[in-house]
Amino acid sequence: MAQPSGYERFVALMGGQQNLPPKRAMAAPPKNNEEQAPPQASTRDPFETLPSLEEVIAQTKRNEEEDKAARAAREQASQASDQDYSQHQIPGAQASEMSSFPPSYAVNHSTAHMGTSAPRGITFTPFLAVTRYCYKFVSKEYMQPLATAFFDANKIYDRPWDFFYLWSAAYETSKPLTFVPTHQLQSLLDEINQAFPRAHVKITNELVDDGLVLCLDDFPDELRPRWLGQSMSKEQYEQLTASIPFPEQMQIPEHRTLEAYKDMVDRVTELNKNKSKAKRKGGQQAAIHRRQEVGKQVVRAQRLLGLRQKNEQDSLLGINSLSLSTLDPTEPVPYPFELDVIFIAVDAEAYELSPKVVTEVGVATLDTRDLQGQAPGRAGEEWHKHIRARHFRIVEHKKLVNSKFVQGSPDRFEFGKSEFVGKEVIASQLTACFHEPFSKSSQGEATDLPMKDGVEERRNIVLLGHGTGQDIAYLQSIGFSVLNRSNLLEAMDTAIMFRSYTGDNNPTSLGRVLYHFDLEGWSLHNAGNDAVYTLRAMLAICVKAAVETEKDVEVKHEEVKEKRREDALAAAVERVEDDHEGWGIGKDEDGG
């Protein structure tokens, strides 16, 4: 049988003669009388080079196979990255607990079973809140650029996510809640900050309080997230959520556990909702409530430092709601140091051009036992000598020094000698800082560990940071879960404590806080130095708040309000000038 010509194959591809374009009219003869050379006849079929229908189909299949292979390679690379992270993510996890756990935390995707209880030691983030992050938690200036680049058109789904679900008959909800490990949200924020450096998106303490970061280790297994599966598209995510079984009946847990679980579910449900344009007044009331909660941090810290007497109203009112007699900072504090705590401040520095890369970690410790019978001084300076500090530098990243957005100073640790450690041991080094002798080893001291009945004495710990949420996320990324400790009373943040002290809603850098209290701050953005300065800032806030009179507080807050009025007025005037510019009818113009 004769093979069809190229023209015949072309007609077949077009669907028949009726689908061919109309023939073009012949060109008009030249106007001059010069003889034109007759065109050379061509014996070559002009359609001979077109591929056959079979070749077109075969090429299409090859393209699909290549695309599939490329996607598989990207997924494998992502899994390898997750596995490298997971090797340090959960120190001390039991092998039996990990053997059948999900892909990012175990060796093989195929061995993971839906419904496997999540291991302890990782924090979770509600996934619907992740999908709406830029619309709810990012300033209007960057909302649309970030949405276009990372969220719109289902882009937020088109990346590897490890999904967990929570759906319990103990507190029924209409739909299951889905979560992802917080470190995956942090990876997304790092990518956003790399693409939009001025956006400075981060996990704030307010978002942690609202439920964006959840440590669910204290709940029993039946009330903790379960493995759902990994997804890289919205279709896969919807298939996974559709496969979640209805919750089975269970024995109702004891009252306190159930109430804590209900409170967590309510916070997540509220966080997952779209941003409401109504309820402005409700938002104001919520803001007032948050400010009072922030004020309670200062009150609790003062009680832990012996600067305030325990009062039943302290659990209801904030720092500026109580009328107390002022203290003399030149005398030892008159009240007991409640709960016998140790304050541990942490700070982490990441490389600005690749925010996933942590280069330094600083840890500073203040034991309230060392403060007994000693006066704090004007702004707590007399207690500074009891602060112990350590500065860790990741040896693999020692050449990475920030200079573009902030000036790093990793080689200028002011309170001891920097310690170079490898990525594989940094988590264990940090763990040691949260046990006796609590950083004393950095000074080379030989210390007998306090023992009780032959075991290490457990001390109450208060975590401290300046922008604590960001530092917790950085530590999580290098395998150290700072929140996973049963003796951790709470986490405090000097950034929001200072806002409560001044009555100013605007965030303030650590350097400016030190300047406000006339405290020195050398070589900032060194993690070890910043950890020490964070402790000093906390002491200054607590001592100064205890010393000030009610009149001092009123004057301070009035000054802040007056400055905000001036700034708002200047911004309004500038906006009016900008809006007016360009309007008018020019007498010398003709209108174009």
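Aspartate 218 counts as exposed, because its relative accessibility is 77%, and a residue is called exposed when that value is over 50%. The model in which this holds is a predicted one. Aspartate 218 sits in the loop that runs between helix α8 (205–210) and strand β4 (226–231). In sequence, aspartate 218 and asparagine 484 are 266 residues apart, yet their C-alpha atoms lie 9.5 Å apart in space.

A packed pair of helices comes next. Helix α7, which spans residues 182–195, packs with helix α13, residues 468–477, at an angle of about 110°, and the two axes are 10 Å apart. Since angles of 65 to 115 degrees count as roughly perpendicular, α7 and α13 are therefore described as roughly perpendicular to each other. On the α7 side the contact is made by His183, Gln186 and Asp190, and these meet Gln470, Ala473, Tyr474 and Gln476 of α13. By class, the residues of this contact comprise two nonpolar, four polar and one charged.

Helix α13 itself is mostly covered, with nine of its ten residues buried. Those buried residues are Thr468, Gly469, Gln470, Asp471, Ile472, Ala473, Tyr474, Leu475 and Gln476, and the α13 residues that meet α7, namely Gln470, Ala473, Tyr474 and Gln476, are thus found among them. Just after α13, glycine 479 adopts a positive phi of about 95°.

Turning to enclosed space, a search of the whole structure finds two cavities of 30 Å³ or more. Their volumes and the classes of their lining residues are set out below.

| Cavity | Volume | Lining residues by class |
|---|---|---|
| Largest cavity | about 50 Å³ | three nonpolar, four polar, two charged |
| Second largest cavity | about 40 Å³ | six nonpolar, two polar, no charged |

The largest cavity is lined by Glu349, Thr359, Glu360, Leu400, Val401, Asn402, Gly408, Pro410 and His525. Its two charged lining residues are Glu349 and Glu360, and its three nonpolar ones are Leu400, Val401 and Pro410. The second largest cavity has a lining made up of Leu166, Trp167, Ser168, Tyr171, Thr173, Leu177, Tyr261 and Val265. No charged residue is present in that second lining, where the two polar members are Ser168 and Thr173.

Methods
Residues numbered from 1 in each chain as written. Predicted model: local features only at pLDDT ≥ 70, side-chain atom pairs only at ≥ 80, totals over all residues. Heavy atoms only, no water. Axes fitted to C-alpha atoms, helices over the stretch in contact; angles between N-to-C directions. Helix = DSSP H or I, 4+ residues; strand = E, 2+ residues; numbered from the N terminus. Parallel < 35°, antiparallel > 145°, perpendicular 65-115°, else oblique. Contact = heavy atoms within 4.5 Å. Buried < 20%, exposed > 50% of the residue type's maximum accessible area, 1.4 Å probe, protein only. 1 Å grid on protein atoms, 1.4 Å probe; cavity = no way out; pocket = protein on both sides within 12 Å on 5 of 7 lines; lining within 4 Å. Points joined across faces, edges and corners; volume = space filled by probe spheres on them.
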